[in-house]
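Biologist: Please take a close look at one part of this model for me, namely a sheet and whatever follows directly from one of its strands. I would like a connected account that I can trace in the structure.

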Amino acid sequence: TPYADITFEKEFSDVVVYSLTSTDADSGLNGDVEYNIVSGNSAGYFTIPSGSSDVVTAGRVCTVSSPEDVVLGIEVVDKANGTLASCVARCNMTGISFGWNQLMTQACEAGCGLAQSSSSISGCASQCLSDAECVKGCERFGGYHLSSTVTLTLTIVDLNKFNPEFTQPLYSSFITEDTPIGSVVLSDVMATDADFCTAGLAYSFEGSQTSGDYAIDATTGDITLVSKPTSDSQ
């Protein structure tokens, strides 16, 4: 079943945004699980700490197009002994040493159709007719990891708390009637935004204050002369 939740932008790492749960009917290591993010995390916003079931922030989480959906692929995997590939390989290897753990011994014995004795395990390689037989043994005794995947959609919402503020209450500049058109007449207009996530600020003349004699750069705030000034220009 896909999961979904809403989270606001986050400023710090290790903030829990979602707690995962799962069940496994097996016992022991076969029923003990761990979680991994396997897809959808290209921005690196989130992580799951080792041994944890919590999806947490890996650092600052910001969105420039609120709301933004991040669809994570989540894998839950048990801690059974080894992987299917390693189980098959170990069943087929020659010179099998004594002292294997019981789980792997049972898997190979079942796959090769051998008796329950250590002495016969050493002949597994010659008696195992194909990988398929060893696979059956590994599957029967769970000698490899089993897993499931699910999607978790986290909708990131912009956390916009503060108004932009100019760095000073008043800006002024003086020009003469022979100032060339295209000259930057005011370049120290600057504002800041206390929000930790911002796509940047945009500068413009306020409604009634718009003047045909000047233009303002929306990104830098620089004000440029666009027509020949007169003594009546302000």
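Modeller: Two strands are said to pair if DSSP finds at least two bridges between them, and with that in mind we can go through this model, which is a predicted one. Three strands form an open sheet, and their order across it is S2-S5-S4, with antiparallel pairing. The edges are held by strand S2, residues 16-19, and by strand S4, residues 46-47, each of which pairs on one side only. If you follow S4 to strand S5, which spans residues 54-57, you will find that two bridges join these antiparallel strands, and that Phe 46 has Thr 57 in S5 as its bridge partner.

From S5 we can move on along the chain, because the loop between S5 and strand S6 (68-78) contains Cys 62, whose partner Cys 197 sits in the loop between strand S10 (191-192) and strand S11 (214-216). These two cysteines form a disulfide, with their sulfur atoms 1.8 Å apart, and the structure holds one such link. A disulfide is a covalent bond between the sulfur atoms of two cysteines. Here the pair links distant parts of the chain, 135 residues apart, and the link of Cys 62 and Cys 197 is left-handed, with -70° about the S-S bond.

The two ends of this link fall on either side of a cut-off, since buried means under 20% relative accessible area. Cys 197 has a relative accessible area of 8% and is therefore buried, whereas Cys 62, at 21% relative accessibility, counts as partly exposed.

Methods. Residues are numbered from 1 along each chain as its sequence is written. This is a predicted model: local features need pLDDT of at least 70, side-chain atom pairs count only at pLDDT 80 or more; totals for chains, interfaces and linings use all residues. Side-chain values use heavy atoms; hydrogens and water are left out. Helices (H or I, at least four residues) and strands (E, at least two) are DSSP runs, numbered from the N terminus. A disulfide is a pair of cysteine sulfur atoms within 2.5 Å. Buried means under 20% relative accessible area, exposed over 50%, partly exposed in between (1.4 Å probe, protein chains only).
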